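Biologist: Could you walk me through this fold, strand by strand? I'd like numbers where you have them.

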Amino acid sequence: MEIQKPTVVYRYKNGLYVNLTNSCPTACSFCVKRTWKMDYRGSNLNLEGAEPSPAEVIALAKEQWAALPFEELVFCGYGEPTMRLEAMLTCARLIKNGRADPLPRALKIRLNTNGLANAVWGRNVVPEMKGLIDSVHVSLNTADPAQWLELMRPMEPWAATGFEKVKEFIRESSMLLPEAFATAVEAEGIDLEKFKALAGQLGAEPRLRPRLEAEKAP
Ligand code: SF4
């Protein structure tokens, strides 16, 4: 079988997705990176330690745009994008400041995240995203702290306070950013009514996501 080069940017639906890092503070029970062997629908998302610089990401996005414009740039790969917070914000800044021509300044920039950035960085990072990130989709999954631990399997430093920190991240995002969604994978045993109610209390729109493991491994 041919070994594919690591993929930094890949297309999915109408977006261009950025695989910024393989580092992650959680080992979510629903993550398909192991069962799909770091492949995502034909793209090899194993960076093998070679994390791309913002300049590389922008160069690749420009190339993709020239081939076929996309509707949004999405930070989402096999890893938590905010583990490289500064690199992510630099990419967004280059676009929003008009330094990534032909990418339009108005290009929508979305972050898909597990919401642990404030816990990992030890400060509220959402104000740093203001004017740069247009939309966040936070994988909250449940209103039950014990179930959150089972589903998200955070690493030890973030286990005790993680759930509260994710809620704080969502609350802050809903106040400071144009769009905030709290997402949940469709899994048995999740009280969807309670999940939706919590999302609403935090100011976010709830959204359900299909469980990818239900799909055949590529
Ligand atoms: S946050 Fe994303 S990459 Fe990390 S374990 Fe969960 S699903 Fe996988």
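Biologist: How many bridges join strand β5 to strand β6?

Modeller: This is a predicted model, where local features need pLDDT of at least 70, side-chain atom pairs count only at pLDDT 80 or more, and totals for chains, interfaces and linings use all residues. Residues are numbered from 1 along each chain as its sequence is written. Strands here are DSSP runs (E, at least two residues; helices are H or I, at least four), numbered from the N terminus, and two strands pair if DSSP finds at least two bridges between them. β5 (residues 72–75) and β6 (residues 108–113) run parallel, and the number of bridges joining them is 4.

Biologist: Which residue in β6 is the bridge partner of Leu73?

Modeller: Leu73 falls within β5, residues 72–75. Its bridge partner in β6 is Ile109.

Biologist: Which strands stand at the edges of the sheet?

Modeller: The sheet is open and mixed, with 7 strands in the order β1-β2-β5-β6-β7-β8-β9. Two of them each have a single partner strand, so one side of each is left without a neighbour in the sheet: β1 (9–12) and β9 (205–209).

Biologist: Is Ala187 buried, exposed or partly exposed?

Modeller: Ala187 sits in the loop between β8 (179–185) and α7 (192–201). Count other C-beta atoms, placed from the backbone, within 10 Å of a residue's own: 20 or more means buried, 12 or fewer exposed, in between partly exposed. Ala187 has 15, so the verdict is partly exposed.

Biologist: How far apart in space are Ala187 and Leu208, C-alpha to C-alpha?

Modeller: In sequence they're 21 residues apart. In space, the C-alpha to C-alpha distance is 9.9 Å.
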